[in-house]
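These are my notebook entries on a single chain, set down in the order in which I looked things up. The coordinates come first, and the entries follow.

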Amino acid sequence: MSRYTTAEIESKWQEAWARAGTFTAVRDESKPKYYVLEMFPYPSGKLHIGHVRNYTMGDVVARYKMATGHNVLHPMGFDAFGMPAENAAMAIGGHPKDWTYSNIDTMVEQMKPLGLSLDWSRMFATCDPEYYGQQQALFLDFLEKGLVYRKNAVVNWDPVDMTVLANEQVENGRGWRSGALVERRELTQWFFRISDYSEELLDALDTLENWPAKVRLMQENWIGKSRGLEFSFDRTDGGDPITVYTTRPDTLMGASFVGISPDHPIAKQLEADNPELAGFLAECRKGGTTEEAIETAEKLGYDTGIRVKHPLDPNWELPVWIANFILMDYGTGAIFACPAHDQRDLDFCRKYDLPVIDTFLDLDDPKPVENEAFVPPKEQKVKWINHFAGLDTATGQEAINATIDFAEKAGWGKGVTRFRLRDWGLSRQRYWGCPIPVVHCDTCGVVPEKKENLPIELPDDVTFDKPGNPLDRHPTWRDCACPKCGAPAKRETDTMDTFVDSSWYFARFTAPRATTPTVAEDADYWMNVDQYIGGIEHAILHLLYSRFFARAMHICGHLPEKSREPFDALFTQGMVTHAIYQTTGGNGRPVYHYPEEVDLRDGKAFLKETGAQVTVIPSAKMSKSKNNVVDPVDIISSYGADTARWFVLSDSPPERDVEWTAAGAEAAYKHLSRVHRIATEIAADEDGPQGSDEALLREMHKTIRDVTLGVESFGFNASIAKLYAFTNTLAKSKSGSAARREAAKTLAQLMSPMTPHLSEEIWAMLGGDGLIVNAPWPVADDAMLVDSTVTLPIQINGKRRAEISVPADMPKEEVEKLVLTHEAVTSRLDGAQPRKLIVVPGRIVNVVL
RNA sequence: GCCCGCGUGGUGGAAUGGUAGACACAGGGGACUUAAAAUCCCCAGGCCGAUGAGGCCGUGCCGGUUCGAGUCCGGCCGCGGGUACCA
């Protein structure tokens, strides 16, 4: 009997697919196209079991679509620019380019044995000059269409290293290398005008029916459309009025002070001749730029001494404070505070002893605010105190609308719609990214490069021995001629955010070698991505930026109208986690151990070498530094690719995190061996016993239905559970050999998206036509799916007490009669009539006593 | 802080508002074997009961809607993701 020898089987079929060119995508108008895409990886150097899970899911979809008659595009590439390459160059020497390409080679080598249905001929890395040169062309087109501009924006500034830090390089407000306190500093940066598309990006979310609702909701909140009132406070000193924006104008009678951002022009103006204020502002500018850092920082305030008049009462004066929690980026950078109905304002007012004035009270419990702000939902009716628009009881929303109307009629304010979404800053003061193709000329200003000069390539001769951007200190790269006047000029040394690279790679895959960003025929044929698969961590930024880019590319003629939304369906998969094994070293610091160094006994873990007990931290995200990363190469070499694929799909629902266990991998291998053995037996048993076929074939058709449903709805774990069950049925079946042969072939087909090599092997063994990868997907016969009898559970007062077996089409009245004579019911009814009898045909019966 | 998720046996998990725990792992028992491996069969949420019949409890916690809630609603707790320069 042939054995399940994975190495041999897997390479054999991979060669067969390669010879047949099975996965090379070619335009073919006679078939419906299907574009499956998994978010491409960052080339960290090692393929991670999480990658295996992600790509296997995409592969299941791709192979299933092939089997259902689609012309499939399933490409792969690398998101290859970014900080880790520069960090590696700083830490261990070498060049980011060499590090990156060597990592890519390694990862491709690790990916190929998985037998993924990828069209490798389309592969590229975003750091290929052929790719980023086309990205520079896009940038120039965007510039021409007014989609890019420059303005000031704040960055994390390390005052010791004299360099800009990424948010992740700021730890507890300090630079990760220098340890210096980080400051927020302004730099001139390039921006994409994504906020011009706020309304459209928001509205179009409704059309993305095949996206997870949670992702649409997150994007909706991120875009953050709000309606509010904009108006100005007049200053008592005659200075320029202070314009504020508020979403709660109904609370104006509870105003306590006017607050402005530390970055507000008034603050900056006062700073010049007020050293005390300058000190305060310096304090405000400490720390990183993240929203989290700003929101959770201690609330600080400074009374500017400026006073303003309340718009509804000229005798009411309010102080103007500078407060560190007010963002210059949102609204007008100035607010009025209503402490009674905003916890942050209340905390601030209590700290600085400012008045707290109630504007409305709870209908049921009308007590004034003390240390907890009263913030009811906007739909809740409340009791208004002295409302200027004459309201008594009304909801917050009604009051907001009434207030805006009132202010507009009175002429002192106007209702405006604002968005939280800010323009996308793309400048990075780093080397390993796509150079921004512009030149700074003393006479012409900022001048775009000529397209014929693209790509503007990164210079290779750079060093990372000093902090900062090596492009800035490169002796010759910066120097160039102005494309406009020819005079000596300087290149832009900022490179692009790596989110730019990943915002259009899906379009580039449709024509990866073209000398323009895209080619109309290819983009028209292959776009949109029919199924996009990736991590939930990309729910907002990557997906929102890509949606913007698709629109911008359409405007510039690089994508068709239909691609304004480039991803028709989105699926977000969970992470693969693994326990962390930790002991404490002599210096009291944690020491992390690899899984293979640890023995598991009686639910406890011990070091193999010393026998010392190890602390187990369960289900942590795999991380190189914690030594809990499982290398899929080991699993593939021990058990084969099909086992790795089968295991990452089984058990956990794809959208949820999955815990990797070696035992699970071994069990998956055992199962696949069993399937191989069963198929081998059936293949050898051509003239075996003839038995009843009906039951086996019925099960087979139900399995076709259930597995298909699972694959179509990303319920791969459910499909696999059905395949286990059907394998058990087949193993025990006493059916005739022809029926068993048909069942085994169908089983191989249903497994083929998950375990393509084993399925090809079994298909060949049982005399299937051609390659299984080209075989049409089995179709369930409806007639075989209906059962003639059903089991109905009988509940009494909602608790299951008995069950009856009835013909599936038995009328409700007959079921009721049967139930009322059932012993479990009569004994409890004790002669009385039930209060209610609920019969859900084919499902359940509930008797209410 | 704010936004979005998730929470079910020893473990991973299943369950269109309708029999909670399918399927699998680990575990226990048995068959085969000189023995082991491999394979095959059986058991298995907790408690009470006798290992039976049967009963009670049980899907993070508290409350609600419903004939019926793991599922829907409100409030908490815990964990995870994002928070605009990690990708």
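**Entry 1: the pair S35 and S36.** I began with a single bridge and found that Ile838 stands opposite Asn846 of strand S36. I note here that the model is a predicted one. Ile838 falls within strand S35, residues 836–840, and five bridges tie S35 to S36 in an antiparallel arrangement. I then looked at the turn of this hairpin: three residues lie between the two strands, and Gly842 adopts a positive phi near 80°.

**Entry 2: the other partner of S36.** I next asked which strand runs parallel to S36. It is S33, residues 789–796, and three bridges join S33 to S36. Within that pairing I recorded Val845 of S36 as the bridge partner of Ile794. I also checked how far S36, residues 844–848, is covered, and found four of its five residues buried.

**Entry 3: a four-stranded sheet.** I traced an open sheet whose strands follow the order S21-S20-S23-S22, with antiparallel pairing. Which strands stand at the edges? They are S21 (445–448) and S22 (479–481); each has a single partner strand, so one side of each lacks a neighbour in the sheet. On average, neighbouring strands here are turned by 45° against each other, with direction ignored. For the pair at one end, I found four bridges between S20, residues 438–441, and S21, which run antiparallel. In one of the pairings, His440 has Val446 of S21 as its bridge partner.

**Entry 4: Arg547.** I placed Arg547 in helix H16, which covers residues 541–555. Is Arg547 buried or exposed? I found a relative accessible area of 0%, and Arg547 is therefore buried, the cut-off being under 20%. I listed the residues it touches, leaving out those up to four places away in sequence: Leu201, Ala204, Leu205, Leu208, Trp211, Gln219, Arg564, Glu565 and Pro566. As a check on distance, I took Asn371, which is 176 residues from Arg547 along the chain; the C-alpha atoms of the two are separated by 44 Å.

**Entry 5: the cavity.** I searched for enclosed spaces and counted one cavity of 30 Å³ or more. The volume of the largest cavity is about 90 Å³. I recorded its lining as Arg63, Tyr64, Ala67, Gln749, Ser752, Pro753, Pro756, Glu760, Ile772, Val773, Ala775 and Trp777. Helix H2 (49–67) and helix H23 (756–765) are the elements that each supply two or more residues to this lining. H2 gives the most, with three residues. Sorting the lining by class, I obtained eight nonpolar, two polar and two charged residues.

**Entry 6: the chain as a whole.** I closed with totals for chain A, which holds 25 helices and 36 strands. Of its 849 residues, 53% are buried. The C-alpha atoms fill a box of roughly 105 × 85 × 65 Å along the principal axes. Lastly, I took the contacts between residues at least 6 apart in sequence and found that 71% of them join residues at least 24 apart.

Definitions and conventions:
Residues numbered from 1 in each chain as written. Chains lettered and ligands numbered in written order. Predicted model: local features only at pLDDT ≥ 70, side-chain atom pairs only at ≥ 80, totals over all residues. Heavy atoms only, no water. Buried < 20%, exposed > 50% of the residue type's maximum accessible area, 1.4 Å probe, protein only. Contact = heavy atoms within 4.5 Å. Pairing = 2+ DSSP bridges. 1 Å grid on protein atoms, 1.4 Å probe; cavity = no way out; pocket = protein on both sides within 12 Å on 5 of 7 lines; lining within 4 Å. Points joined across faces, edges and corners; volume = space filled by probe spheres on them. Nonpolar A, V, L, I, M, F, W, Y, C, P; charged D, E, K, R; others polar. Axes fitted to C-alpha atoms, helices over the stretch in contact; angles between N-to-C directions.
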